[in-house]
Amino acid sequence: MSKQHLSIMAQQNTDALFRFAMSEDGMKLGVSRYFPPNGGEGPSVELLRRQVASAGVQLPIDEIAAKQVVEAIQRDGEIRRMVLVHGIPAQEPKNASLVALGDFEYPVFPGDRFARKHEPKHAADGQTIDGRVLKPTQDFEPEDIEVTMGENVELDPLTEAYVSQVWGMVRYKDGVISVDPIPTIDEDAIQVRGNIHGKDFRGQDITPARLEKEMRDLGVVIDIDSDRLDAKLRQARANGVPLFDQVIVAGKHPVPGRDGWFEFLVSSRELSGVEDDSGRLDFKNRGTYPLVEPGQIVGRLHPPTPGEGGIDIYGKTIPAHGGQELRIHLGENVLVHEDKITYESKAQGILVMERNVISVTDCLLIPGNVDLNSGNVKLEHGSVKILGSVQAGFEVSAPKHVIVQGSVESAHVYAGGNIDVGGGILMPDGGKIEAEGDVAASYTTNANIYAGGNVKISNDITNSYIRAEGKLIAYEGKGHIQGGDIQTAKGMVVNEIGSDLGVKTKVGLAIEYESDDELRLERAKIKEAIQRIDDTLGTDPAESILMRTPPEKRPAVAEVLKHRITLVKRRKALSEQINQLMLKRQEELRGLKIKVLRQVHPGVTIYFGNKSVTTKKRAEACTISWSDSLRQIVLD
C-alpha cells in the first residue's frame, strides 16, 4: 500500500469509488478523490468502511467523519479535507496528577466542578495506519497519588470531577482537598461577613444575584442591599484583589436606652485648653476649678430613655434594654427642688459627684488620671483627690490637701496642706513635690520633694532629693534609702541606708530658717560691693589712696572710702550673727537622731549641720546622733 495514495479501482466496478491519501507520518487517512457510481451502489458510510478495509487499513474509521464525507458528497459533491482514520500514537508514561479546572486564587460555588484527578498512564506502543509500530520515547513506572476528600467536597462519578458544596476557597494540602467556606455568621447572628472577589475560579464575573442566592441558602431572610454588593464587586474587579472581611448582609444591633444622667449647670473650665501668649492652645492648661455659691442651681437630673430593638439575619427580633434610672443621693450642702430634678447648692465650695452622691465640698474628685483628658488641676478652694495618677508634665495645686491614689510621674504637685501618694513618686524627667504640710508615698525614684512637715515613705527611696522641716519616716515597708540626698530638721527613722554596690548616699539633719538665708544673702551682697570698691580704688590705706587722687576728686573718693568702712563693719557684724546662729542651730540639733532599724552600709555620708562623716564599715541597727562631748557624729 502506497503512502501517497490508496485506491480501489476495478475496470468493471459500477459502485461509487473513493481514492484515499495517507499523511507522511502514517497517522492520518483522508479521501483525496471521489468517483460517482455507474449504476452500482452509491456513497455510504458502509461503502467507505469496506473500501478502506479493502485498501489494507486495519484501523477503524471515524464514523462521524465518514458520515460528514457522505453528506458533503450528497449535498454538493465537494469533498473537504476530512480525516477518516487516525493512527494510534505511542503512549508516553505519565505520573498521576490533580488538575485544576480553574484558578484557585478565586472562589468556587456550590455545584462547581473544580478539579479532576488524572490517573497514572503506563507506556504503550502505537501504530500507524500502514501498520508500523510506534515506540514511546520514555520508559518508567508512573507514580500514583492519593487524593482524599475533605470538608465541603464530593466526587461526581460520571465526570470523575471534584465538586464544591459551598461558596468558598479550594485548599489542597497533604493529599486532602477541601473547600473553606467564605461566609461566616457572627456569634450574635446579626452579620454575615466574608471576602469579596470580583470573579470566580473560571474567570466569570460574580454578580450580586449569585451572592444573594448564597445568603438565602444560609437561611438569611432579611433584605439584602444588592446595590451595595454590586459596588463592592466592581471595586474588587477594578483593583484586581479581593476586599477582605466585608459585611455581606447585616441586620441591626439593638440600641440600649440611655441611662438616666445628671446635667451639670455650673460654670466649668475650658474643655480643650487655654490660649498662651503665642496664640497656641495649651491643652494642659484648662484654668482653675471655679466655686459654686449658695443658692446656685448646680444641675438637673434627666430620666432614662427606652432602647431600640434590633433584628438578626434570620428575621428574629432582638429586644433592647431600656436605660437604668440614675438615683442621686443628697450629700452635704445640696438640696433638691420639688420637681425632683433640679439641684441647688446650699454653701460655697466645689461641686462633687461621687458614687451618685452629690455634694458641695472642700474636696474635688478626679476620677482618673491627670493627663490630657483632665488637663492641669488647679483649685481656688479646698482639696483634690485623684483616683488615678498624675502623668509626666502636668501640674496639680490645691490650697489644702492633694490625695493621689496612683503615682506621680515627673509632674509638679503643690499643696497648702498635705500630699498623700498611694503609689510611687517617679521623676526621671524632672518635677517637684511641694507641701506646706506632710508628704507620704509608697516609694520614690529620682524624686524632688519638699515638705513643711514630715515625709513618710514606706518602701525604697532611690536617688531622691528630699528636704523636710519635720522627720523622715521609712520603716513600715522596706524603708531603704539608696542614693540621693535626704535632709530633715527633726530626725529620721528608717530601716536601711546605702547599698552593697556603694551607691553615693547622703543623709543628714540641718535646721535652717528663711531668715538664715536672708542673712547669708545680705553678707554675700556686701562682699560683692566691697570687692567692687577694691577693684576701683585698690586695697592700700585710705591716706595713700587719697594722696594719689587728684584734688578735685578727693571729696568723692573720701565718701566712697567712708562707705567701704561702713560695709566692712556690717559684714563683720553679719558674720558674727551667722556664726552665732550656726552655733544655735547646732545646739538645736542636740537630741535629734537618725534611727536605723536594720543596717547602714559603708560609703554613706552622714551630716549634722556643717559636720559630716562617711561610714567605713557596715553598722547594724544603730542610732546616729551628735555627741557634744566628742564633738562628732556617733553611731551607737
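In which sense do β9 and strand β13 pair, and over how many bridges? In this predicted model, β9 and β13 (residues 176–181) run in the parallel sense, and 2 bridges hold the pairing. One residue pair can be picked out here: M149 has I177 of β13 as its bridge partner. The two strands belong to an open sheet of 3 strands with the order β9-β13-β12 and mixed pairing. The edges of this sheet are taken by β9 (148–149) and β12 (168–173); each has a single partner strand, so one side of each is left without a neighbour in the sheet.

A second open sheet is a good place to turn next. Here, too, 3 strands take part, in the order β14-β15-β16, and the pairing is antiparallel. The edge positions fall to β14 (184–185) and β16 (243–250), and because each has a single partner strand, one side of each is left without a neighbour in the sheet. Between β14 and strand β15 (residues 191–196) there are 2 bridges in the antiparallel sense, with I185 of β14 standing opposite V192 of β15. Helix α4 packs on this sheet, where α4 touches both β15 and β16, and the direction of α4 makes about 170° with that of β16.

Helix α4 (residues 226–239) also meets another helix. Its axis and that of helix α3 (residues 208–217) come within 9 Å, and the two cross at roughly 120°. At this angle α3 is oblique to α4. The crossing of α3 past α4 is right-handed. On the α3 side, the contact is made by P208, L211 and E212, while α4 contributes S226, L229, D230 and L233. Sorted by class, the residues of this contact comprise 4 nonpolar, 1 polar and 2 charged.

The other helix pair to be described is formed by α1 and α2. The axes of helix α1 (residues 45–54) and helix α2 (residues 63–76) come within 9 Å, with a crossing angle of roughly 115°. The two helices are therefore roughly perpendicular to each other, and their crossing is right-handed. From α1, the residues in contact are V45, L48 and R49; from α2, they are E63, A66, K67, V69 and V70. By class this contact has 5 nonpolar and 3 charged residues, and no polar ones.

R49, one of the α1 residues in the contact with α2, deserves a second look. Which residue does the side chain of R49 meet in a salt bridge? The partner is E46, at 2.4 Å from N to O. R49 and E46 lie 3 residues apart in helix α1, which means that about one helical turn separates them. In total, the structure holds 29 salt bridges.

Further along the chain, strand β21 (residues 297–302) pairs with strands β17 and β26. With strand β17 (residues 261–264), β21 pairs in the antiparallel sense over 4 bridges. Within this pairing, F264 stands opposite G299 of β21. With strand β26 (residues 342–345), β21 again runs antiparallel, joined by 3 bridges. Here I297 stands opposite E344 of β26.

The last set of strands brings back parallel pairing. Strand β29 (residues 363–366) is joined to strand β31 (residues 383–386) by 4 bridges, and the two run parallel. I366 stands opposite I386 of β31 in this pairing. Strand β31 also pairs with strand β33 (residues 402–404), in the parallel sense and over 3 bridges. Which residue of β33 is the bridge partner of I386? That partner is V404. I386 can thus be followed across both pairings, standing opposite I366 and having V404 as its bridge partner in β33.

Technical notes. Residues are numbered from 1 along each chain as its sequence is written. This is a predicted model: local features need pLDDT of at least 70, side-chain atom pairs count only at pLDDT 80 or more; totals for chains, interfaces and linings use all residues. Side-chain values use heavy atoms; hydrogens and water are left out. Two strands pair if DSSP finds at least two bridges between them. Axes are lines fitted to C-alpha atoms, for helices over the stretch in contact, and angles run from 0 to 180 degrees between N-to-C directions. Angles under 35 degrees count as roughly parallel, over 145 as roughly antiparallel, 65 to 115 as roughly perpendicular and the rest as oblique. A crossing is left-handed if the near helix is turned anticlockwise from the far one by less than a right angle, and right-handed if clockwise. Contact means heavy atoms within 4.5 Å. Ala, Val, Leu, Ile, Met, Phe, Trp, Tyr, Cys and Pro count as nonpolar, Asp, Glu, Lys and Arg as charged, and the others, Gly among them, as polar. A salt bridge is a side-chain nitrogen of Lys or Arg within 4 Å of a carboxyl oxygen of Asp or Glu.
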